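Trainee: I have a model open and would like to reason through some of its helices with you. Shall we take it one question at a time?

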Amino acid sequence: MSHTDHQHFLQQAIELATHSAQQQGGPFAAIIVKDGTVIGRGHNQVTQNCDPSAHAEIMAIRDACKTTNNYQLNDCIIYASCEPCPMCMSAIYWARIPVLFYAATSADAADAGFDDQFIYDELEKPYAERRIHIQQLDMPDARASFQAWKKNTSRKDY
């Protein structure tokens with residue numbers, strides 16, 4: 001695809017984000033494209049759905065996976081109105097999307113009150129220094145699900 005094509009799809013994401021910001025959603029949106037066709041759209045629906053994971057990129061990934069009936073989007077491009085947060089970047093990696101284009105930066109989002117830098121900072125700290133208490137408990141069956149997974153000959157690897 002050409003530079004102009006990428007700008008076209010990114011502009012769609014920006015317009016969807018602007019519309020979302022004017023409604024009850026947040027000012028973020030994402031478009032997923034496969035072979036030049038939009039297969040997934042999403043805008044921030046955190047407050048609408050009472051779901052902290054309902055970020056634009058997550059919603060677009062869910063939509064694209066539903067459209068393609070596949071949990072891997074390794075032949076797609078995601079266009080995000082803003083640089084994705086750590087959760088959304090993780091979802092992009094898990095979906096195996098190889099290309100990301102974004103418009104606004106995380107600094108732009110922080111200026112509007114959406115600052116995710118503290119998450120990046122937290123992830124660099126040892127567990128004992130994080131805001132969330134994290135502790136492993138020694139459980140006899142801690143690995144039982146992994147053992148069952150390894151033995152399941154009909155499993156679908158991902």
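Trainee: In which helix is tryptophan 149 placed?

Mentor: Keep in mind as we go that this model is predicted. Tryptophan 149 belongs to the helix that covers residues 144-151. That helix is α7.

Trainee: Is tryptophan 149 buried, partly exposed or exposed?

Mentor: Buried would require under 20% relative accessible area, and exposed over 50%. Tryptophan 149 has 36%, so this residue counts as partly exposed.

Trainee: How much accessible area does the nonpolar surface patch with Trp149 have?

Mentor: Trp149 shares this patch on the surface with Tyr71 and Tyr158. Together, the three have an accessible area of about 370 Å².

Trainee: Let's move to α1. What length does this helix reach from its first C-alpha to its last?

Mentor: Helix α1 takes in residues 3-22, which is 20 residues. At 1.5 Å a residue, 28 Å is expected. The model comes close to that, with 29 Å.

Trainee: Why do the buried residues of α1 line one face of the helix, and within what arc do they fall?

Mentor: The buried residues are His6, Phe9, Leu10, Ala13, Leu16, Ala17 and Ser20. As a rule, an α-helix has 3.6 residues a turn, so residues three or four places apart point the same way. On the other side of α1, His3, Thr4 and Gln22 are exposed. Looking down the axis of α1, the buried residues line one face because they fall within an arc of 110 degrees.

Trainee: Which strands help cover the buried residues of α1?

Mentor: Strands at 29-34, 37-43, 76-82 and 99-104 are included in that cover. By name, they are β1, β2, β3 and β4.

Trainee: Which residues does histidine 6 touch, leaving out those up to four places away in sequence?

Mentor: Histidine 6 lies in α1 and is buried, at 15% relative accessibility. Its contacts beyond that sequence limit are Met1, Ile77, Tyr79 and Phe101.

Trainee: And methionine 89: how far is its C-alpha from that of leucine 100?

Mentor: Methionine 89 sits in α4, residues 86-94, and is partly exposed at 23% relative accessibility. Pro84 and Leu100 are the residues it touches, not counting those up to four places away in sequence. Along the chain, methionine 89 and leucine 100 are 11 residues apart, and their C-alpha atoms are separated by 9.6 Å.

Trainee: What do the buried residues of α4 pack against?

Mentor: Those buried residues are Pro86, Cys88, Ala91 and Ile92. They pack against α3, β3, β4 and α6.

Notes: Residues are numbered from 1 along each chain as its sequence is written. This is a predicted model: local features need pLDDT of at least 70, side-chain atom pairs count only at pLDDT 80 or more; totals for chains, interfaces and linings use all residues. Side-chain values use heavy atoms; hydrogens and water are left out. Helices (H or I, at least four residues) and strands (E, at least two) are DSSP runs, numbered from the N terminus. The expected span of a helix is 1.5 Å times one less than its number of residues. Buried means under 20% relative accessible area, exposed over 50%, partly exposed in between (1.4 Å probe, protein chains only). The arc is that of the directions from the helix axis to the C-beta atoms. Contact means heavy atoms within 4.5 Å. Patches are made of residues with over 30% relative accessible area and no salt bridge: like charges are joined within 9 Å, nonpolar side chains (Val, Leu, Ile, Met, Phe, Trp, Tyr) within 5 Å. Accessible areas come from the Shrake-Rupley method with a 1.4 Å probe; for residues, only the protein chains shown count as cover. A salt bridge is a side-chain nitrogen of Lys or Arg within 4 Å of a carboxyl oxygen of Asp or Glu.
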